[in-house]
Amino acid sequence: MDGYILEITEEKASVKEDFFSGVVDELSLPACICPNCQSLMFPVINVRYDSVSMGSLVDKKVSHGNYITFDVCPCCPHSLRNYCVTFDADKKNVIGGYMDHRGIASKMDTPYESRVLKINKISGALWNDDAFVDKYQRRNLFDGVCHQLGGVKLKSERYPIDSCMCCGNDNLSFVAMIDNDDLNVPLYESGEPRALTIGDQSSLNVFACNKCYALNYCITE
């Protein structure tokens with residue numbers, strides 16, 4: 001199965017982009033609210049819904065302003081648990097995730113404003129190539145942080161799920177991996193380093209429900 005690696009670039013995003021990270025002021029995309037600290041969650045990946053083939057995700061039921069967004073709270077990195085994002089007509093809701101009642105771990109407006117994501121298509125055969133997988137997991141293919149759309153799941157979940165956290169449906173599809181930032185790419189605003197921390201240098205596997213279209217986020221080992 002083909003997939004895509006999304007490489008963060010130095011360029012700030014605009015309304016013309018098919019793939020970007022962060023927020024573009026000219027686009028009105030509904031935000032998620034973190035259930036643990038009530039902060040705005042960060043749209044770490046934004047994908048124009050008809051720009052790539054993503055199975056059940058290519059459906060306007062999960063897109064707003066023609067974008068599918070993947071959201072993480074930037075303020076609760078060490079409170080992270082599996083969570084689920086559901087989609088209503090004009091908003092997104094979060095189920096689970098940060099409900100340990102520890103509040104904000106580190107107050108942050110956003111990790112960074114916005115960045116263009118460069119898309120690199122990966123053929124299906126490469127996901128099963130040991131040399132490729134080793135270089136990918138060691139971040140030796142590209143500079144700095146990379147996210148993933150489609151392809152093959154390469155990391156196992158700390159708390160595996162076998163059904164949708166929203167509706168209980170057991171027909172889930174792997175659709176994305178959100179990587180942990182490490183400040184090795186130019187993600188600087190106003191001269192200060194910013195990063196999106198996920199657990200203890202971990203990542204998130206994202207699974208789409210093929211019934212209710214909810215996105216299920218699972219922290220990896």
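How many disulfides does a search of the whole structure find? The search finds 0. This is a predicted model. The protein chain has 221 residues, and 51% of them count as buried. Its secondary structure comes to 1 helix and 13 strands.

**Overall build**

- Along the sequence, the elements of the protein chain follow the pattern β-β-β-β-β-β-β-α-β-β-β-β-β-β.
- Contacts in the protein chain often link distant positions: of those with a separation of 6 or more, 73% are between residues 24 or more positions apart.
- The protein chain has an accessible surface of about 10200 Å². Carbon and sulfur atoms account for 45% of that surface.

**The sheet**

- An open sheet is formed by 11 strands, with antiparallel pairing. Their order is 4-3-2-7-1-8-9-12-13-5-6.
- Strand 4 and strand 6 are the edge strands, each pairing on one side only.
- On average, neighbouring strands of this sheet are turned by 25° against each other, direction ignored.
- Strands of a sheet pair through backbone hydrogen bonds, which may be parallel or antiparallel in arrangement.
- Strand 8 and strand 9 run antiparallel and are joined by 2 bridges. Here Q148 has M177 of strand 9 as its bridge partner.

**Strand 1, inside the sheet**

- Which strands flank strand 1 in the sheet order? Strand 7 stands on one side and strand 8 on the other.
- Strand 1 and strand 7 (residues 114–122) run antiparallel, with 6 bridges between them. In this pairing, L6 stands opposite I119.
- Strand 1 also pairs with strand 8, again in the antiparallel sense, over 5 bridges. Y4 has L149 of strand 8 as its bridge partner.
- Why does strand 1 count as largely enclosed by the rest of the structure? Strand 1 spans residues 3–8, and 6 of its 6 residues are buried, so the rest of the structure largely encloses it.
- In a regular strand, side chains alternate between the two faces of the sheet.
- Both faces of strand 1 are covered. G3, I5 and E7 are buried on one side. Y4, L6 and I8 are buried on the other.

**V145, a loop residue**

- V145 sits in the loop between helix 1 (130–137) and strand 8 (146–150).
- Is V145 buried or exposed? V145 counts as buried because its relative accessibility is 0%, and the cut-off for buried is under 20%.
- V145 and L6 are 139 residues apart in sequence. In space, their C-alpha atoms are 8.6 Å apart.

**Salt bridges**

- The count of salt bridges comes to 6.
- K92 and D71 form one of them, at 2.9 Å from N to O. K92 lies in strand 6 (residues 92–96) and D71 in strand 4 (residues 67–72), so the pair ties together parts 21 residues apart in sequence.
- Both partners are buried: K92 has a relative accessibility of 6%, and D71 has 2%.
- D179 and R139 form a salt bridge too, with their closest N and O atoms 2.8 Å apart. D179 lies in the loop between strand 9 (172–178) and strand 10 (188–189), and R139 in the loop between helix 1 and strand 8, so this pair ties together parts 40 residues apart in sequence.
- D179 counts as buried at 7% relative accessibility, whereas R139 counts as partly exposed at 25%.
- K153 and E157 also meet through their side chains in a salt bridge, at 3.3 Å from N to O. K153 is partly exposed, with a relative accessible area of 35%. E157 is buried, at 10%.

**Cysteines**

- A disulfide is a covalent bond between the sulfur atoms of two cysteines.
- The structure has 0 disulfides. Why is C34 not bonded to C73? Their sulfurs are 3.7 Å apart, which is too far for a bond because a disulfide needs sulfur atoms within 2.5 Å. C73 holds the closest cysteine sulfur to that of C34.
- C34 counts as buried, at 0% relative accessibility.
- C166 is in no disulfide either. The nearest cysteine sulfur to C166 is that of C212, 4.0 Å away.
- C166 counts as partly exposed, at 37% relative accessibility.

Notes:
Residues numbered from 1 in each chain as written. Predicted model: local features only at pLDDT ≥ 70, side-chain atom pairs only at ≥ 80, totals over all residues. Heavy atoms only, no water. Helix = DSSP H or I, 4+ residues; strand = E, 2+ residues; numbered from the N terminus. Buried < 20%, exposed > 50% of the residue type's maximum accessible area, 1.4 Å probe, protein only. Salt bridge = Lys/Arg side-chain N within 4 Å of Asp/Glu carboxyl O. Contact = heavy atoms within 4.5 Å. Areas by Shrake-Rupley, 256 points an atom, 1.4 Å probe, with all protein chains shown as cover. Pairing = 2+ DSSP bridges. Axes fitted to C-alpha atoms, helices over the stretch in contact; angles between N-to-C directions.
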